[in-house]
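This briefing is for a reader who is meeting the structure for the first time. Please keep the sequence and the 3D view at hand while reading.

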Amino acid sequence: MTDDQRSAVEHKLLAALARREHGYQELLHKYGEVFDAEVLAAVLDEFVEKGWQSDERYAHSYTRSAVSRGKGELLIRQYLRQQQINNELIDAALAEHDFYALVAEVYAKKYPEQSVHDRKEQAKRQRFLVSRGFSFDQINEVLNHHD
């Protein structure tokens with residue numbers, strides 16, 4: 001590994017991490033075809049040791065962002081698993097949020113007229129909330145509470 005290769009990798013990774021948090025695997029995937037895999041992994045490992053890259057911070061940051069966009073627990077968990085974040089970090093990030101309150105907020109925003117007596121309309125609303133990543137328990141809680 002030459003110093004030029006290493007400094008190019010460091011520069012790209014620092015620029016990416018300065019913009020937002022990234023997961024370890026996300027960075028490997030993003031820059032894996034641009035840079036030598038060994039150099040990239042070595043620099044990333046060094047960044048982890050220095051605390052410049054953290055999957056824990058990434059999980060919390062992504063979760064906060066997704067919650068602010070009205071995404072549910074299941075969707076967030078699935079995405080973080082795809083990014084190969086370990087389950088303990090995912091659980092910790094998700095534990096900071098009340099998804100029952102979030103589903104109620106998302107539901108109220110989408111459907112100001114919350115009372116529904118038509119089964120077809122209720123199924124449509126359930127599908128919407130499922131597509132947002134909410135569990136059936138969370139959805140049933142909000143539908144039963146608002147009817």
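In which helix is the place of Y62? Y62 belongs to helix α4, and the account below begins with that helix. The model is predicted. After α4 come two helix pairs, the loop residues Q53 and Q84, and a residue of α9.

**Helix α4 as a whole**

- Helix α4 runs over residues 55-68 and has 14 residues.
- From the first C-alpha to the last, α4 reaches 20 Å, which is close to the 20 Å expected at 1.5 Å a residue.
- At the N-terminal end, S54 acts as the cap of α4, with a side-chain oxygen 3.3 Å from the backbone nitrogen of E56.
- Just after α4 comes G70, whose phi is positive, at about 80 degrees.
- The buried residues of α4 are Y58, A59, H60, Y62, T63, A66 and V67.
- The cover over these buried residues includes α2 (24-31), α5 (73-82), α6 (87-95) and α7 (99-110).

**Single residues of α4**

- Y62 has a relative accessibility of 19%; because the cut-off for buried is under 20%, Y62 counts as buried.
- Leaving out residues up to four places away in sequence, Y62 touches R69, I76, Y79 and L80.
- Among these partners of Y62, I76 and L80 also take part in the contact that α5 makes with α6.
- The C-alpha atoms of Y62 and A37 are separated by 25 Å, and the two residues are 25 residues apart along the chain.
- H60, also found in α4, counts as buried at 13% relative accessibility.
- With residues up to four places away in sequence not counted, H60 touches A92, A93 and E96.
- R64 has its place in α4 as well, but R64 counts as partly exposed, at 47% relative accessibility.
- R64 and E96 are 32 residues apart along the chain, and their C-alpha atoms are separated by 9.0 Å.
- E96 is therefore named twice here: as a residue that H60 touches, and as the partner of R64 in that C-alpha separation.

**Helices α2 and α3**

- Helix α3 covers residues 37-50, and α2 packs with α3 at an angle of about 150 degrees, their axes being 11 Å apart.
- Angles over 145 degrees count as roughly antiparallel, so α2 is roughly antiparallel to α3.
- On the α2 side the contact is made by Y24, L27, L28 and Y31, and on the α3 side by L40, A41, L44, D45 and V48.
- The crossing of these two helices, α2 and α3, is right-handed.

**Q53, between α3 and α4**

- Q53 sits in the loop between α3 and α4.
- Is Q53 buried or exposed? Q53 has a relative accessible area of 3% and is buried.
- A polar atom of the Q53 side chain lies 2.9 Å from the backbone oxygen of H22.
- Apart from neighbours within four places in sequence, Q53 is in contact with L17, H22, G23, Y24, L27, L44, F47 and V48.
- Several of these contact partners of Q53 also belong to the contact between α2 and α3, including Y24 and L27 of α2 and L44 and V48 of α3.

**Helices α5 and α6**

- The axes of α5 and α6 cross at roughly 150 degrees and come within 10 Å.
- This angle makes α5 roughly antiparallel to α6.
- E73, I76, R77, L80 and R81 of α5 make the contact with N87, I90, D91 and L94 of α6.
- The crossing in which α5 passes α6 is right-handed.

**Q84, between α5 and α6**

- Q84 is found in the loop between α5 and α6.
- What is the relative accessible area of Q84? The value for Q84 is 52%, and Q84 is exposed.
- Q84 is a residue other than glycine with a positive phi, near 60 degrees.

**N140, in α9**

- N140 lies in helix α9, which covers residues 136-146.
- At 33% relative accessibility, N140 counts as partly exposed.
- N140 and Q126 are 14 residues apart along the chain, with their C-alpha atoms separated by 8.4 Å.

Note on methods:
Residues numbered from 1 in each chain as written. Predicted model: local features only at pLDDT ≥ 70, side-chain atom pairs only at ≥ 80, totals over all residues. Heavy atoms only, no water. Helix = DSSP H or I, 4+ residues; strand = E, 2+ residues; numbered from the N terminus. Expected span 1.5 Å × (residues − 1). Buried < 20%, exposed > 50% of the residue type's maximum accessible area, 1.4 Å probe, protein only. Contact = heavy atoms within 4.5 Å. Polar contact = N/O pair within 3.5 Å; in protein donor to acceptor, adjacent residues only side chain to side chain. Axes fitted to C-alpha atoms, helices over the stretch in contact; angles between N-to-C directions. Parallel < 35°, antiparallel > 145°, perpendicular 65-115°, else oblique. Left-handed = near helix turned anticlockwise from the far one by under 90°.
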